[in-house]
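Reader: Please take a close look at a single pocket and at the parts around it. I am in my first year, so plain words would help.

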Amino acid sequence: MPESEADARWMARAVALAERCPPSRTAFSVGAVIVVDGRAVGEGYSRAEDPSDHAEEVALRRADGPVEGATVYSTMEPCGLRASRPLPCARLLAEAKIARVVYAIAEPERFVQAPSGIAVLREAGVRVRAMPEFAEAAERPNAHLR
């Protein structure tokens, strides 16, 4: 399967996960999938197990096997700054040696000024791709924040 087709397939799965998030007035609703060799090895969504959970950290926790070299699909840019946990998601992904991150929308400045997840990832050598064609779908689970 060509990379662009695989990206669309896995981003659609991340969007479906984001729709499962319990709404919050203080956090975004995000879905994430970790893919290794064409197979999902970890999935997560915001507040899946704890009110402070971010989608990417849940997917990392739930990963079935090694994630080094994986691609992560996230409906929103992984956070570069975070108040609720010691490490932001972009740093967690870089430390897990994720090779590539594909996201639908950039993190809005609603909760954090000057989000920097993409910069953190690129600085760590992680390849990054935006999929703006999924922006509307990724924003839907966050409509309550408007």
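Author: A pocket here is an open set of grid points with protein on both sides within 12 Å along at least five of seven lines. Its volume is the space filled by probe spheres set on those points. Rolling a probe the size of a water molecule over the atoms shows where empty space is left. The model is predicted.

The pocket to look at is the second largest, which holds about 200 Å³ of space. Its lining has 16 residues, and those nearest its centre are Val35, Asp37, Gly38, Thr71 and Tyr73. Three elements give two or more residues each to this lining: α1 (3-18), β1 (31-36) and β3 (71-76). The largest share, five residues, comes from α1. By type, the lining of the second largest pocket divides into seven charged, six nonpolar and three polar residues. For reference, the largest pocket has a volume of about 410 Å³. Its lining has 25 residues, among them Thr26, Phe28 and Arg82, which are of the group closest to the centre.

Since α1 gives the largest share of the second pocket's lining, the helix deserves some attention. It has 16 residues and spans 22 Å from its first C-alpha to its last, close to the 22 Å expected at 1.5 Å a residue. An α-helix has 3.6 residues a turn, so residues three or four places apart point the same way. In α1 the buried residues are Ala6, Asp7, Trp10, Met11, Ala14, Val15, Leu17 and Ala18. These buried residues pack against the strands β1, β2 (39-45), β3, β4 (100-105) and β5 (127-130), and against the helix α5 (135-139).

Two residues show how the surroundings continue. Serine 29 sits in the loop between α1 and β1. With a relative accessible area of 1%, serine 29 counts as buried, because the cut-off is under 20%. Its side chain makes a polar contact of 2.9 Å with the side chain of arginine 47. Beyond neighbours within four places in sequence, serine 29 also touches other residues, including Ala18, Thr75 and His144.

Alanine 135 belongs to helix α5. Its relative accessible area is 18%, so alanine 135 is buried as well, being under 20%. Alanine 135 and alanine 104 are 31 residues apart in sequence, yet their C-alpha atoms are 5.2 Å apart in space. With neighbours within four places in sequence left aside, alanine 135 is in contact with Ala104 and Ile105.

Definitions and conventions:
Residues are numbered from 1 along each chain as its sequence is written. This is a predicted model: local features need pLDDT of at least 70, side-chain atom pairs count only at pLDDT 80 or more; totals for chains, interfaces and linings use all residues. Side-chain values use heavy atoms; hydrogens and water are left out. On a 1 Å grid over the protein atoms alone, a cavity is a set of points where a 1.4 Å probe fits but cannot get out, and a pocket is an open set with protein on both sides within 12 Å along at least five of seven lines; lining residues have an atom within 4 Å of a point. Helices (H or I, at least four residues) and strands (E, at least two) are DSSP runs, numbered from the N terminus. Ala, Val, Leu, Ile, Met, Phe, Trp, Tyr, Cys and Pro count as nonpolar, Asp, Glu, Lys and Arg as charged, and the others, Gly among them, as polar. The expected span of a helix is 1.5 Å times one less than its number of residues. Buried means under 20% relative accessible area, exposed over 50%, partly exposed in between (1.4 Å probe, protein chains only). Contact means heavy atoms within 4.5 Å. A polar contact is a pair of N or O atoms within 3.5 Å; within protein, one must be able to donate a hydrogen and the other to accept it, and residues adjacent in sequence count only if both atoms are side-chain atoms.
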